[in-house]
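Trainee: I'm new to this one. Can you walk me through it?
Mentor: Sure. Have a look first, then ask away.

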Amino acid sequence: MSAPQSAGATGAAGAAGLGGERADLLQTLDKHRGFLRFTVRDLTDEQAARRTTASALSLGGLIKHVAGTEAGWMRFVVGGADAMVSDPGDWEAQFRMAEGETLAGLLAEYEQVAAATDALVASLPDLDLAHPLPAAPWFEPGAVWSARRVLLHIIAETAQHAGHADIIRESLDGARTMG
């Protein structure tokens, strides 16, 4: 099995012509995005929607969740906690494919989110730009996150869910991202 490939041969940051810290952060994020996308290779929509473990997660749902999470955090980088707020709706719906959603459509949306993130990071005047976090039980009261900290969080979130995806895929048909 060949190694996962990112969207571009040089990665997101290389395409943007960035160097230094921004390039490192975006290349690392792009690597983990590539692992996640590789995990869903050659799947049908039905397979991408299937739950294969005790968890409610599906592969398509993970793509959907990671894209939505990345987009939300980028809204935070630009406009703070108020910009990040979204309709609470059905929390678990973000982790599953809805009727009519396709894996190809979810992947296309993820690519758009990734491109928007890469462009935003390239255009930020300073990675130290910071905002107070939204009030939530899972955030330390009064905490402030910089754009840099948000990018580190998105990298961790993407890597964690790529690992989840690998387990789900192996449970589905024995395929693995690594090894």
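**A walk through the model**

Mentor: Start with a salt bridge: Arg-33 pairs with Asp-118, and their closest N and O atoms are 3.2 Å apart. Keep in mind that this is a predicted model.

Trainee: Which helices do Arg-33 and Asp-118 lie in?

Mentor: Arg-33 lies in helix H2 and Asp-118 in helix H6, residues 103-123. The two are 85 residues apart in sequence, so the pair ties together distant stretches of numbering.

Trainee: Are Arg-33 and Asp-118 buried or exposed?

Mentor: Both Arg-33 and Asp-118 are buried.

Trainee: Which residues share a salt-bridge network with them?

Mentor: Asp-30 and Glu-70 do. Salt bridges with shared partners join Asp-30, Arg-33, Glu-70 and Asp-118 into one network.

Trainee: How many salt bridges are there in the whole structure?

Mentor: A search of the whole structure gives nine. One of them joins the side chains of Lys-64 and Glu-101, at 3.0 Å from N to O.

Trainee: Where do Lys-64 and Glu-101 sit?

Mentor: Lys-64 is in helix H4. Glu-101 is in the loop between helix H5 (81-84) and H6. They are 37 residues apart, and the pair links distant parts of the chain. Glu-101 has 26% relative accessibility, so it counts as partly exposed.

Trainee: Let's step back. How many helices and strands does the chain have?

Mentor: Seven helices and two strands. From the N terminus, the order is α-α-α-α-α-α-β-β-α.

Trainee: And what share of the residues is buried?

Mentor: Buried residues make up 44% of the 179 in the chain.

Trainee: What about contacts across the sequence? How many join residues at least 24 apart?

Mentor: Take the contacts between residues at least 6 apart in sequence. Of these, 74% join residues at least 24 apart.

Trainee: Back to H2. How do the axes of H2 and H4 cross?

Mentor: H2 covers residues 20-39 and H4 covers 59-79. Their axes come within 10 Å and cross at roughly 155°. The cut-off for roughly antiparallel is over 145 degrees. H2 and H4 are therefore roughly antiparallel to each other. H2 passes H4 in a left-handed crossing.

Trainee: Which residues meet there?

Mentor: From H2, Leu-29, Arg-33, Leu-36 and Thr-39. From H4, Leu-59, Ile-63, Val-66 and Glu-70. The contact divides into five nonpolar residues, one polar and two charged. Arg-33 and Glu-70 come up again here, and both belong to the salt-bridge network.

Trainee: What else in H2 should I look at?

Mentor: Try His-32, which lies in H2. At 15% relative accessibility, His-32 counts as buried.

Trainee: Which residues is His-32 in contact with?

Mentor: Leaving aside neighbours within four places in sequence, His-32 is in contact with Ile-155, Thr-158, Ala-159 and Ala-162.

Trainee: Now H4. Is Val-77 buried or exposed?

Mentor: Val-77 is in helix H4. Its relative accessibility is 3%, so Val-77 counts as buried.

Trainee: And which residues does Val-77 touch?

Mentor: Not counting residues up to four places away, Val-77 touches Leu-120, Leu-124, Leu-129, His-131, Ala-147 and Val-150. Also compare Val-77 with Arg-148: they are 71 residues apart along the chain, and their C-alpha atoms are separated by 9.3 Å.

Trainee: Which side chain meets Arg-148 in a salt bridge?

Mentor: That of Asp-128, at 2.5 Å from N to O. Asp-128 is in the loop between H6 and strand E1 (130-132), while Arg-148 is in helix H7, residues 147-173. They are 20 residues apart.

Trainee: How accessible is Arg-148?

Mentor: Its relative accessibility is 23%, so Arg-148 counts as partly exposed. Asp-128 is partly exposed too, at 46%.

Trainee: What else is Asp-128 in contact with, besides Arg-148?

Mentor: Ser-146, leaving aside neighbours within four places in sequence. Asp-128 and Ser-146 are 18 residues apart in sequence and 5.1 Å apart in space, C-alpha to C-alpha.

Trainee: One last residue. What is the phi of Asp-42?

Mentor: Phi is near 60°, a positive value in a residue other than glycine. Asp-42 is in the loop between H2 and helix H3 (45-49). At 74% relative accessibility, Asp-42 counts as exposed.

Conventions
Residues numbered from 1 in each chain as written. Predicted model: local features only at pLDDT ≥ 70, side-chain atom pairs only at ≥ 80, totals over all residues. Heavy atoms only, no water. Axes fitted to C-alpha atoms, helices over the stretch in contact; angles between N-to-C directions. Helix = DSSP H or I, 4+ residues; strand = E, 2+ residues; numbered from the N terminus. Parallel < 35°, antiparallel > 145°, perpendicular 65-115°, else oblique. Left-handed = near helix turned anticlockwise from the far one by under 90°. Contact = heavy atoms within 4.5 Å. Nonpolar A, V, L, I, M, F, W, Y, C, P; charged D, E, K, R; others polar. Salt bridge = Lys/Arg side-chain N within 4 Å of Asp/Glu carboxyl O. Buried < 20%, exposed > 50% of the residue type's maximum accessible area, 1.4 Å probe, protein only.
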